[in-house]
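Let's take a walk through this protein together, one region at a time. Have the sequence and the 3D view at hand as you read.

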Amino acid sequence: MEKEQKDQSGNFQLKADLEGNYLLNKGHKAEKNIGIFYAPSGGSVHKVARLIKQKLAGEQPDIFVISEITPFKLLDYRNLILVCSTLGRNTWEMEQKDPWSSFIPQMLRLRLEGRRVAIAGLGDHVSYPNNFVDGMGILAQTVEEIGGKLIGATETRDYVFNDSRALKEGRFIGLPLDEDYESDKTEGRIEQWLEKIRPEMSIELEEKRNRL
Ligand SMILES: Cc1cc2nc3c(=O)[nH]c(=O)nc-3n(C[C@H](O)[C@H](O)[C@H](O)COP(=O)(O)O)c2cc1C
């Protein structure tokens, strides 16, 4: 039997299905504009997440390291920017090493309809050319499974690699960054990417476009 639940803040209603999975009631409104969610903390991902926040200062985004929140926090935002790395295929299955590997199964209990999601993924194109930014692809697959709308695809022409799980229809599903071998390109890549996704993150602009 399904039952209605509230989270700790009492902000929204959840339902538990027969297996005890908590699902967001469709009526929950995302009240805030941009949330940046990243992991792990203390390395290149952390640095990039802070840089993205700095570049978006005008929009006053909130920023969270995912090891300190539950995935329900994602539901508060209309626009999500997720920042991850790739630490080898196995680590996505071995929960201790990368906080995203335990966060992703919890995300599968949510619905992200109506939210736009942009992903920045760190990798190393020299040491891992066959699995370049794979983690970004795995995260993107999860986002799509739970109804989020991916934005911020990037052309591959600026990157040298052999293969990646983050490719869809010939483009990266988000923004690849390589702090190990191309750190000089990071800031420019982020600026260009944000220029592209900024209009998409603006509900007001989209509503105006729809009215025309
Ligand atoms: C054990 C290990 C495995 C990695 N595997 C990959 C990989 O499969 N693909 C890739 O593009 N980068 C891979 N990388 C590179 C990292 O994603 C990259 O160094 C990233 O910037 C690390 O971010 P962090 O400092 O926040 O942990 C790997 C790094 C390590 C240490």
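How many bridges join β9 to strand β11, and do these two strands run parallel or antiparallel? Two bridges link β9 to β11 (residues 171–172), and the pair runs antiparallel. One place to look is glutamate 155, whose bridge partner in β11 is arginine 171. Please keep in mind as we go that this is a predicted model.

Zooming out a little, β9 and β11 belong to an open sheet of three strands, ordered β9-β11-β10, with antiparallel pairing. β9 (154–155) and β10 (167–168) stand at the edges and each has a single partner strand, so one side of each has no neighbour in the sheet. Between β10 and β11 there is a loop, and glutamate 169 sits in it. Although glutamate 169 is not a glycine, its phi is positive, at about 50 degrees. Glutamate 169 counts as exposed because it has just 6 C-beta neighbours inside 10 Å, and the cut-off for exposed is 12 or fewer.

Now step back to the whole chain. It has five helices and twelve strands, and 34% of its 212 residues count as buried. If you take the contacts between residues at least 6 apart in sequence, 71% of them join residues at least 24 apart.

A good next stop is β4, which pairs with strand β5 (residues 62–65) in the parallel sense over four bridges. Within this pairing, isoleucine 36 stands opposite isoleucine 63 in β5. To get from β4 to β5 the chain passes through α1, and this β-α-β crossover is right-handed. Along the way, in the loop between β4 and α1, you will meet proline 40. The peptide bond leading from alanine 39 to proline 40 is cis, with omega near 0 degrees.

What surrounds the ligand? The shell consists of 18 residues, and the closest are Gly43, Ser44, Val45, Gly123 and Tyr128. By character, the shell divides into seven nonpolar, seven polar and four charged residues.

Let's move on to the largest nonpolar core, which holds 49 residues. Those touching the most other members are Ile81, Leu82, Val83, Cys84, Ile119 and Leu139. Elements that give two or more residues to this core include β4 (32–38), α1 (44–55), β7 (116–122) and α3 (134–145). The most comes from β6, with six residues. To see the core from one residue's point of view, try isoleucine 119: setting aside neighbours within four places in sequence, it is in contact with Leu82, Cys84, Met136, Leu139, Ala140, Ile173 and Gly174.

Between β7 and α3 lies a loop that contains valine 133. Is valine 133 buried or exposed? Valine 133 is buried, because 31 other C-beta atoms lie within 10 Å, and 20 or more is enough to count as buried. Its phi is near 45 degrees, a positive value in a residue other than glycine.

Our last stop is arginine 198, in helix α4. This residue counts as partly exposed because it has 16 C-beta neighbours inside 10 Å, which falls between the cut-offs for exposed and buried. Arginine 198 and glutamate 59 are 139 residues apart along the chain, and their C-alpha atoms are separated by 9.5 Å.

Notes:
Residues are numbered from 1 along each chain as its sequence is written. This is a predicted model: local features need pLDDT of at least 70, side-chain atom pairs count only at pLDDT 80 or more; totals for chains, interfaces and linings use all residues. A residue is near a molecule or strand if its C-beta atom, placed from the backbone, lies within 6 Å of it. Ala, Val, Leu, Ile, Met, Phe, Trp, Tyr, Cys and Pro count as nonpolar, Asp, Glu, Lys and Arg as charged, and the others, Gly among them, as polar. A nonpolar core is a set of buried Ala, Val, Leu, Ile, Met, Phe, Trp, Tyr and Cys residues joined through C-beta atoms within 7 Å. Two residues are in contact if their C-beta atoms, placed from the backbone, lie within 7 Å. Two strands pair if DSSP finds at least two bridges between them. A crossover is right-handed if, with the strands pointing away from the viewer, the path from the first strand over the helix to the second runs clockwise.
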